[in-house]
Structures are given as structure tokens and as C-alpha cells.
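Here is a short report on a protein and DNA assembly. Please look over the sequence and the model first, then read on.

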Number of protein chains: 2
Amino acid sequence: MANIANIYSGTLADIEKLDGPLSQRVYTALRDAILDMKIAPGEVLRKATICEQFGVSRSPVAEALTRLSGEGLVDVIPQSATRVTRFSLEEIREECFLRDAVEVAAVKRVATTRTDDQLLQLSRNIRLQSLLVEDKDFHGFFEADEAFHAMLLEFTGFRSVAAIAGQLSLQLRRARVLILPEEGRPAETVIEHTAVLDAIRAGDEDGAARAMRHHLGQLIVRIEPLEQQFPDFFR
Amino acid sequence: MANIANIYSGTLADIEKLDGPLSQRVYTALRDAILDMKIAPGEVLRKATICEQFGVSRSPVAEALTRLSGEGLVDVIPQSATRVTRFSLEEIREECFLRDAVEVAAVKRVATTRTDDQLLQLSRNIRLQSLLVEDKDFHGFFEADEAFHAMLLEFTGFRSVAAIAGQLSLQLRRARVLILPEEGRPAETVIEHTAVLDAIRAGDEDGAARAMRHHLGQLIVRIEPLEQQFPDFFR
DNA sequence: ACCTGTCAACTAACATGTTAGCTGAAAGTG
DNA sequence: CACTTTCAGCTAACATGTTAGTTGACAGGT
């Protein structure tokens, strides 16, 4: 007999397996679940329920929710409720703009500074992407895709720019989970990634920028139809 | 008899004057004090002391510190202490890179989309900057400078891109307070802002980008010497 | 039937008691 | 004297009791 209050039960990671402070573990578990769309946008998160599920008191849960709220992953309605943030196309377009600005700048820089080792790592990653597409391992492909972009950001020489830039486009990352299974898109993505890498290898700053801009531009046109497809997830 | 624990007493805004939840008021007061360098980098923030100063309990203070920690404005050392984050040149260079990426992208866009009203607002702001420099009102100038950049970001048409981009360069904003009184710099800044505006008015996308890149590039060369000048503020 | 005020139930927000982990000084040891 | 070890004191972290604001259902008036 499924309890309505526990509809996302079992989708949360076991915090026993993580280490560090309780609040950190609760935060990580909730964040992962939200980013992977295991908890639907709009769904209510009750402090008391979360406490029971993790077997912890309200303090660490409150802290975790505060952090998630700061990242825009949950909406706290004062004295009333806490919900997983719904998508807003306006906000997603903004994130696309920012992501484009940062990743294009990164790729221009990398095109002029890249080392042989970096080129090797990137091309290895792309070969991995191809294999995962062949195997139809979409989850694995998603991770390799993220790793490709993260590598480009890291290769700017700014150690944690990838982490900071990642925080800019959390809604985007979440929305991408919805378009993952779209037929043929992963294969196209690999081609676009390859174009970026080829330009970087050639040291062609502007070509790399154009290739990256084109690649990122594909995302928003695939996200826009989601508002019709999943109206409940949007506000 | 000044209490050592209260050395930043009186620099905190009176939370009675703010509204909203207590945690929000505490957060705002602390954040403003940190950004304005009224609490020095490296200074220890004791929960108990803050509670006394604001006359609130530990919960809202804890929540405020959690949020500040998420923004990188304070460092929490588990079970030990909470300090105002020290500067790191590495991190500041990163923020410069990100800020450059975002603001150059913004200015390129605005150069092709600007309306007459927007041009008017920008030129009004620059005239205000000139007046404030003449009056040697550095604090006022600082605010007008920030407003200029915020306006450019807003004119991209992405409503809250200014707010999000602002979060990217909090350390930069804090460090800028230290270079404020540098002789002659404000006057130069006005000239650089004018160059940006002129290019935007001319619809010269690349010229605006170059002008903005040059302007932002001035910042890091002025920040770097601060590490020698204020060694205690750096880690 | 349709507003409209009241109120009970539920939630986050706040206060406070308790625990666990770090830290640095002092005592012990070679 | 140097190099551990112990331990008291302090801090953030966690648990839990209490308050206040929101919401929606329901009663009563129009």
C-alpha cells in the first residue's frame, strides 16, 4: 500500500553511503534526485517527510533545503510549503545565453592554449561518446557529454571554472534529462563535438567558437517544445 | 572598554529596519557588511556573537551563514569556526574570466538591439559618473559604476541576468572596494565607459566588445598588487 | 447559488537544549 | 630539550520544543 507522501521514496540515495556532515549528505541526495528529475518539478517537499526518509532531525534537512533554495532548485513558500522549482522558459533562455557566453569564451581560449595531452583526452572522450551511442547507453552518454564540456572549461587553466559555470545552468541540466531519449540527437551531438575539437586542434579560435555556438544553439530549440509536452513541469 | 568580540559592532545594519523573515534580514545585513569590507577577510564570525548583536536565536543566524557559505562569502570550518572568506588571486582571475565572457557577450548583443531610450539611460548614467568624480564622491561613483554594468546586462533582454552574473563575481566586487580610492582611476573609468557606449551607439558590435574587454582588463592589473598591500586579506 | 468571515490544521520559522569534533595548552615521556 | 599524549574549553552540528503565518474548508449571511 503505497503512501501518497512517499511517491518518491526509493529514488533518494542512501545517505549512509555518503560521508561528511548529515546536512551535506541530505543536500547531495536531494540535489542529485532533483537534477536527475527523480523528483518532479512542482512536487512538494515536506521537511517532516524528508526527516523520516533519511532518519535525521529537522536541522540538517533545513540546511539542505536552504542551500537548494539558494541554487534555485527548490522554491520555499514562506510558512507554507517547499516545492521543487518548475521550469521557466525565460529562465532557461537566460541560462543558455550565459552558458553560451562562458563556453564560447572558454573554447576560444583553449583553441590557442591546448596541449597535445589535452587534445588526446578530448578525442578519447569523443570516441567514448561514439561507443555509448552505438550501445544506446543514454545515461552513460549524458555523463560523457557533460565530461566533454567540463574538460573544455577546465582546460582554460581556471581550475574551478567548470564548477562555477555548472551552477549557472542547473535548470538547463535538469531540462536536458527530458530530451535525452530523443531519436538521433546523441549521434548529432557527437558530430558537433567533433567539429569543436577539430577546430581546437587546428588552433582555429573563431572556428571553435562558431562550432560551439552552433552546438549550444541546438539545445534551446529542443527544450522549447517541452513546455507543450510537459505543461505541469513549467510555470 | 571595547570588547574584542565586538570589533565590527556598529558596522552591521539594524535588522529592525528590514522586513521579511529574520533569517533573511540577518543574511542581508551580514552580506552587505562583507561586500562592503566592513568585516575584514579572515575575521571570525561567531554564531553566538551574531545572535547577541541582532538579538535573535541561532536558527536564523545559522541559515544566513549557510547561504553566505553557498555564495563563497564565508568559509565554514566544521566544528571549529566560520570566517569571512579571504581573497585568492586564482579565484579572482577566474571571476575576471567569467565576467569578461558574460559582459562582452552582453555588450555585443546590446550593440545590435539597443533602443534610443536605452542609449539615453546609459549616457545619463555616464554623465552622473562624471559629476560624482568631480565631487570626489567615491562611494556614489562606485554605485553608478555598478549600475552602468547592471544596465548593460539588463538591456540584453534577459531580465535577471544581471543578478545571476553578479553572483559570479562577488569576490571581485569585494576587492574593488580596496582599489576605490586609487588616484585618477575613476576618471579613466568614465572614459572607458564612454568608449563602450559610443561603440554601442554606433552599433559597432566588435568595437563595443573590444572597449568592454579593455575596460575589464584594467581591473585585474589593479587587483594583483593588493596581495602585497593587504597580505592578511589573501590566502 | 455566491460571497465572506472564521477557524482548525498544517507548514515553515524560530528558539533552545544537547552532542560531537576540533584545537591548543599543559602534562607526561624519550 | 623535543616530541608525544591527554584533556578542557570552545565551536559548529544536530535534535527537538514552540511560535506564527498560510491555507483551505466550512458556516453563515446575502
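In sorting residues by class, Ala, Val, Leu, Ile, Met, Phe, Trp, Tyr, Cys and Pro count as nonpolar, Asp, Glu, Lys and Arg as charged, and the others, Gly among them, as polar. On that basis, the surface near DNA strand C has 8 nonpolar, 8 polar and 4 charged residues. This is a predicted model.

**DNA strand C**

Which residues come closest to DNA strand C? Of the 20 residues that surround the strand, the closest are Ser80(A), Leu22(B), Ser57(B), Arg58(B) and Ser59(B). Sugar and phosphate make up 59% of the strand C atoms that come within 4 Å of the protein.

Bases are reached as well. Arg58(B) places a polar side-chain atom 2.6 Å from a base nitrogen of DNA strand C. The side chain of Ser59(B) has an N or O atom 2.4 Å from a base nitrogen of this strand. Gln79(B) uses its backbone: a polar atom there is 3.4 Å from a base nitrogen of DNA strand C.

Elements that give two or more residues to this surface are β2 (81-84) of chain A, and α1 (22-35) and α3 (58-70) of chain B. The largest share, 3 residues, comes from α3(B).

**DNA strand D**

DNA strand D also has 20 residues around it. Leu22(A), Ser57(A), Arg58(A), Ser59(A) and Ser80(B) come nearest. Of the strand D atoms within 4 Å of the protein, 64% belong to sugar or phosphate, and the rest to bases.

The table gives backbone approaches to this strand.

| Protein atom | Atom of DNA strand D | Distance |
|---|---|---|
| Leu22(A), polar backbone atom | phosphate oxygen | 2.4 Å |
| Leu45(B), backbone N or O atom | phosphate oxygen | 3.4 Å |
| Ser80(B), backbone N or O atom | sugar or linking oxygen | 3.2 Å |

Here the elements giving two or more residues are α1 (22-35) and α3 of chain A, with β2 (81-84) of chain B. α3(A) gives the most, with 3 residues. By class, the surface near DNA strand D holds 8 nonpolar, 8 polar and 4 charged residues.

**Where the chains meet**

Now to the protein chains themselves. In the contact between them, 20 residues of chain A meet 20 residues of chain B. The size of an interface is often given as the accessible area lost when the parts come together. Chain A and chain B bury about 2000 Å² between them. Carbon and sulfur atoms carry 75% of that area. On the side of chain A, Glu94(A), Phe97(A) and Phe158(A) lose the most area to chain B, together 30% of what that side buries.

How many salt bridges cross this interface? The rule finds 2. Arg159(A) forms a salt bridge with Glu90(B), and their closest N and O atoms are 3.5 Å apart. The rule also finds 8 residue pairs in polar contact across the interface.

Three helices of chain A, α3 (58-70), α4 (89-113) and α7 (161-168), each supply at least two residues of the side that touches chain B. α4(A) provides the largest share, 10 residues. By class, this side of chain A has 10 nonpolar, 3 polar and 7 charged residues.

**How the copies are related**

A rotation of 180° with 0.0 Å of shift along its axis superposes chain A on chain B, with an RMSD of 0.0 Å. The two copies are therefore related as by a two-fold rotation axis. In chain A, Ala101(A) has the C-alpha nearest that axis, 2.7 Å from it. The same surface serves both copies: 100% of the contact residues of chain A recur in chain B.

Notes. Residues numbered from 1 in each chain as written. Chains lettered and ligands numbered in written order. Predicted model: local features only at pLDDT ≥ 70, side-chain atom pairs only at ≥ 80, totals over all residues. Heavy atoms only, no water. Contact = heavy atoms within 4.5 Å. Buried area = accessible area lost by both parts, 1.4 Å probe. Salt bridge = Lys/Arg side-chain N within 4 Å of Asp/Glu carboxyl O. Polar contact = N/O pair within 3.5 Å; in protein donor to acceptor, adjacent residues only side chain to side chain. Helix = DSSP H or I, 4+ residues; strand = E, 2+ residues; numbered from the N terminus. Least-squares fit on C-alpha atoms with pLDDT ≥ 70 in both. Near = heavy atom within 4 Å.
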